[in-house]
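Open the model in your viewer and keep the sequence panel beside it. We will go stop by stop, selecting as we go.

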Amino acid sequence: MSDTKVILHSYAATPFGNKVQFVLDYKKIQYSFVKIPMVADRPLRAPLDGGYRKTPILQIGSDIFCDTHIIIQELERRWPTPTLFPKTHSGADITGIAWGMTAWTDTLMFKAVAAQLPMSTFPKEFVRDRANFNGLKDIDPKKADAISPYEAERLRAQLSWLEVQLQGKKWVLDTTDVSLADFNAAMPVWFLKSLRKDQLLEEFPSVKSWIERFFAVIPKGKPAKMTAEEALEIAKNTPSTAQEAVDVKEPNGLKPGDLVRVTPIDTGRIPVVGSVVNSSANHIALRRKDAETGIETVLHFPRSGFLVIPVKGKM
């Protein structure tokens, strides 16, 4: 099978998985979908990602991209047309602000929407899993539901920011076409609508008309179904395309072969250990071999939002 086969490991309800699917569909990239369990553990995904906790991951051969930031960065690199970074009507470059905007939409705004989840309606297994994911001992569903209306005040403030930003504009950053900034903002708004909390959008007409425009330009893709076992076989039989390279400006002197531990700094703080293949200001790649299956993968992470710590020993 081709090493360019794109495989998304996700599940239907995850907002971050949907954000990646919006990008895949917009760029008209053919991909396969491996449905994973909503809760950990995920034994058939672990040989690929070393226990990485978050969803989704994107697989291309034996290269595994962890976190939506690095996934979208790689999709833009491989499939630059249509670009996610069109110029503004005045000709300005929006690349930096569009990436930086994820620190707001994927964290602060997303958490405000997630607080609207009716936790008392979910199975205990799901509630326990989300507590663990967020580094909490437990979540009391009744208390979470009781505070939800007050959390809506935080969300309303942020929707008001988006409303002001969109007034008189077709797209969030006044670009000539839809941009990464629109995908960033669309994710939490889509999530809100999927929770049937549309009434929270009523006082924001610019946001409402913008989200309709957004989905009007995103074709609905039809990914091929793939089993986890098939994805493992592809990883096993397709060498990584990542090349060793030294980043002479790496702040802590990391170089190929160094053993490191990579951990998300917000949620899902499960470390992944591997040896450095290459690194840059926005990316680090680690090689690891799964002890049980013998499958070797190269895991790719963004630098923003992750902590990279050298560890002693060898793989």
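**Stop 1: a loop residue.** Select Thr 14, in the loop that links β1 (6-10) to α1 (15-26). Bear in mind that this is a predicted model. Is Thr 14 buried or exposed? Its relative accessible area is 4%, and the cut-off for buried is under 20%, so Thr 14 counts as buried. Now show what surrounds Thr 14. Beyond its neighbours within four places in sequence, Thr 14 is in contact with Thr 55 and Trp 190.

**Stop 2: α3 against α4.** Select residues 68-78 for helix α3, then add α4. Their axes come within 11 Å and cross at roughly 145°. The crossing is right-handed. Which residues meet here? From α3, pick Thr 68, His 69, Ile 72 and Gln 73. From α4, pick Trp 99, Thr 102 and Asp 106. Sorted by class, this contact holds two nonpolar, four polar and one charged residues.

**Stop 3: α4 against α6.** Keep α4 (residues 95-114) and bring in α6 (residues 141-166). Here the axes lie 8 Å apart, and the packing angle is about 135°. That angle falls outside the parallel, antiparallel and perpendicular ranges, so α4 and α6 are oblique to each other. In this pair, α4 passes α6 in a left-handed crossing. Show the side chains next. On α4, the contact uses Trp 104, Leu 108, Met 109, Lys 111, Ala 112 and Val 113. On α6, select Arg 154, Leu 155, Gln 158, Leu 159, Trp 161 and Leu 162. By class, the α4 and α6 contact has nine nonpolar, one polar and two charged residues.

**Stop 4: an annotated stretch.** Colour residues 91-240. An unreviewed UniProt entry annotates them as "domain: GST C-terminal". Over residues 91-240, the chain is 62% helix and 1% strand. Put a distance label on the two end C-alpha atoms of that range: they are 38 Å apart.

**Stop 5: another loop residue.** Select Lys 197, in the loop between α7 (180-194) and α8 (205-216). How exposed is Lys 197? Its relative accessible area is 23%, which lies between the 20% and 50% cut-offs, so Lys 197 is partly exposed. Leaving out neighbours within four places in sequence, the contacts of Lys 197 are Gln 116 and Leu 192. Finish on Gln 116. Gln 116 and Lys 197 are 81 residues apart along the chain, yet their C-alpha atoms are separated by 8.1 Å.

Terms used:
Residues are numbered from 1 along each chain as its sequence is written. This is a predicted model: local features need pLDDT of at least 70, side-chain atom pairs count only at pLDDT 80 or more; totals for chains, interfaces and linings use all residues. Side-chain values use heavy atoms; hydrogens and water are left out. Helices (H or I, at least four residues) and strands (E, at least two) are DSSP runs, numbered from the N terminus. Buried means under 20% relative accessible area, exposed over 50%, partly exposed in between (1.4 Å probe, protein chains only). Contact means heavy atoms within 4.5 Å. Axes are lines fitted to C-alpha atoms, for helices over the stretch in contact, and angles run from 0 to 180 degrees between N-to-C directions. Angles under 35 degrees count as roughly parallel, over 145 as roughly antiparallel, 65 to 115 as roughly perpendicular and the rest as oblique. A crossing is left-handed if the near helix is turned anticlockwise from the far one by less than a right angle, and right-handed if clockwise. Ala, Val, Leu, Ile, Met, Phe, Trp, Tyr, Cys and Pro count as nonpolar, Asp, Glu, Lys and Arg as charged, and the others, Gly among them, as polar. UniProt positions are given in the numbering used here, feature names are shortened, and annotations may be inferred rather than shown by experiment.
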